Amino acid sequence: GRALLASRALPPGSRLARLPSALLITPASARLAAPGIAAATEADGLPGELREFAETLCLALFLVAEEAAGGDARFARFVETLPREFTTPPNWSEQEVELLEGSPLHPLVETFVTELGENLVAFNRHLKEKHPALLPSLIGADEIAPAKFLRAVAVLDSRAFKVPVPGGKDTVVIAPFLDMANHDPHREIFFDHKLLSSAEHPSGFLEIDIPASASRGYDAGEEVRFCYGELSNWQLLLYYGFAVPNNPFESVDLVLSDPDTSDASDDETRRAIFMGLDDGDLNLGYCHSLKSHPSSPRGVAPSPGLIQSLRLLLLSGASLATLNVANFADKLSSPLEDADAERAVWASLAGMVAALRDGFGGMEIEAGAGI
């Protein structure tokens with residue numbers, strides 16, 4: 001594999017890199033480099049189902065065209081550094097994807113691959129109907145091959161990032177060679193975008209600094225790693241093709257539901273609290289997660305509001321009727337007065353964790369771990 005190394009010691013507060021806008025790949029620079037791409041990928045001119053993907057289609061088409069141009073391409077050296085194959089699930093075989101069955105990632109991968117295929121078919125059809133001369137002139141073919149499109153999207157997913165442009169919306173950026181930096185969830189960097197005005201102003205720069213508040217910098221010869229973001233392992237696997245042991249941002253989603261035994265009056269009370277009241281910092285709701293937490297005894301902690309939401313869902317009858325606008329926040333933030341209901345909260349949570357453990361097959365998740 002490839003990596004970035006520090007050529008000299010870089011203490012906190014140091015500048016890691018300063019890249020001219022002219023060396024960055026953005027939708028604006030791609031459209032300037034090839035006017036045909038600009039005309040073909042403007043959101044207003046795309047079919048309705050493709051408009052939200054205008055930036056992705058623009059950059060994917062640009063990368064496919066750069067690869068087709070070979071040594072004559074402006075970013076030929078960069079394209080040569082890109083992997084020929086990617087380890088992200090959309091690039092797996094059907095047999096490999098089947099290994100994800102039982103995990104929340106399996107339906108996401110299937111949906112992702114299906115949408116990619118549908119978008120490519122629609123995009124090829126759009127180009128043939130509205131811009132018939134573009135693909136033959138750019139890539140020497142009448143349509144973009146699925147393998148080339150999938151590879152271009154994998155490049156964008158694993159190497160591009162968004163930066164805010166002063167006075168405008170965020171823009172997607174690929175920073176050639178800087179994209180070789182590997183991920184470290186414990187590393188801090190700071191992207192200073194104030195000089196990156198747009199591709200139309202190539203005198204701007206993208207500056208990357210180590211925050212002065214960082215716990216440490218880099219020694220000479222040390223690998224320079226970035227934190228790609230607060231990403232759990234399913235996100236890292238889906239978009240980057242790897243997972244991190246003891247990932248501090250790991251989480252699994254939990255979706256709560258009303259108890260089967262609840263009556264109409266209980267349901268109405270819960271709905272009023274869930275939907276109609278200001279719950280302050282309780283974060284009441286049906287969607288929650290279990291997250292990594294280093295200070296928790298077993299490294300796992302519930303997301304804010306999970307325990308309180310379970311208490312609300314498992315209260316019934318007279319106990320539920322004692323809740324009102326004035327007291328519900330205090331009552332749900334402390335163990336329930338009804339000891340049986342409080343035990344049911346923790347038993348329910350332990351049961352959900354056990355179901356997650358069983359659903360992931362060989363993964364070792366201890367029921368009730370750390371909660």
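# A guided tour of the chain

Start with the contact map: among contacts between residues at least 6 apart in sequence, 67% join residues at least 24 apart. What you have open is a predicted model. Colour it by secondary structure and you will find 14 helices and eleven strands in the chain. Colour it by accessibility instead, and buried residues make up 43% of the 371 residues. Switch on the surface as well: the chain exposes about 19500 Å², and carbon and sulfur atoms supply 53% of that area.

**Stop 1: L312**

Select L312, which sits in helix 11, residues 306–314. Is L312 buried or exposed? Its relative accessibility is 0%, under the 20% cut-off, so L312 counts as buried. Now show what surrounds this side chain. Leaving aside neighbours within four places in sequence, L312 is in contact with R270, I273, F274, L284, L320, L323 and L332. For a distance label, pick the C-alpha atoms of L312 and V345: they are 9.4 Å apart, with the two positions 33 residues apart along the chain.

**Stop 2: a salt bridge from helix 11 to helix 14**

Stay with helix 11 and select R311 together with E342. These two form a salt bridge, and their closest N and O atoms are 2.8 Å apart. The pair links distant parts of the chain, since E342 belongs to helix 14 (residues 339–359) and R311 to helix 11, 31 residues apart. Both E342 and R311 are buried.

Next, move along helix 14 to R343 and D340. Here the closest N and O atoms of the salt bridge are 2.4 Å apart. R343 and D340 are three residues apart in helix 14, so about one helical turn separates them. R343 is exposed, and D340 is too. While salt bridges are on display, select R15, R18, E207 and D209: salt bridges that share partners join these residues into one network.

**Stop 3: helix 6**

How many salt bridges are there to browse? The count comes to 16. One of them is formed by E143 and K128, with the closest N and O atoms 3.1 Å apart. This pair also links distant parts of the chain: E143 lies in the loop between helix 7 (134–139) and helix 8 (146–159), K128 lies in helix 6, and 15 residues separate them. E143 counts as partly exposed because its relative accessibility is 38%. K128 is partly exposed as well, with a relative accessible area of 42%.

Helix 6 covers residues 105–130, and L108 is in it too. Select L108 with W234 and Y239, and you have a nonpolar surface patch of about 240 Å². L108 has a relative accessibility of 36%, so this residue counts as partly exposed.

**Stop 4: the largest cavity**

Finish inside the protein. Rolling a probe the size of a water molecule over the atoms shows where empty space is left. The structure holds two cavities of 30 Å³ or more, and the largest has a volume of about 60 Å³. To outline the largest cavity, select L63, V64, E67, V79, L82, K148, R151, A152 and V155, which line it. Which helix gives the largest share of this lining? Helix 8 does, with four residues. Helix 3 (54–69) and helix 8 each supply at least two residues of the lining, so colouring these two helices is a handy last view of the cavity wall.

Terms used:
Residues are numbered from 1 along each chain as its sequence is written. This is a predicted model: local features need pLDDT of at least 70, side-chain atom pairs count only at pLDDT 80 or more; totals for chains, interfaces and linings use all residues. Side-chain values use heavy atoms; hydrogens and water are left out. Buried means under 20% relative accessible area, exposed over 50%, partly exposed in between (1.4 Å probe, protein chains only). Contact means heavy atoms within 4.5 Å. Accessible areas come from the Shrake-Rupley method with a 1.4 Å probe; for residues, only the protein chains shown count as cover. Patches are made of residues with over 30% relative accessible area and no salt bridge: like charges are joined within 9 Å, nonpolar side chains (Val, Leu, Ile, Met, Phe, Trp, Tyr) within 5 Å. A salt bridge is a side-chain nitrogen of Lys or Arg within 4 Å of a carboxyl oxygen of Asp or Glu. On a 1 Å grid over the protein atoms alone, a cavity is a set of points where a 1.4 Å probe fits but cannot get out, and a pocket is an open set with protein on both sides within 12 Å along at least five of seven lines; lining residues have an atom within 4 Å of a point. Grid points are joined across faces, edges and corners, and a volume is the space filled by probe spheres set on the points.
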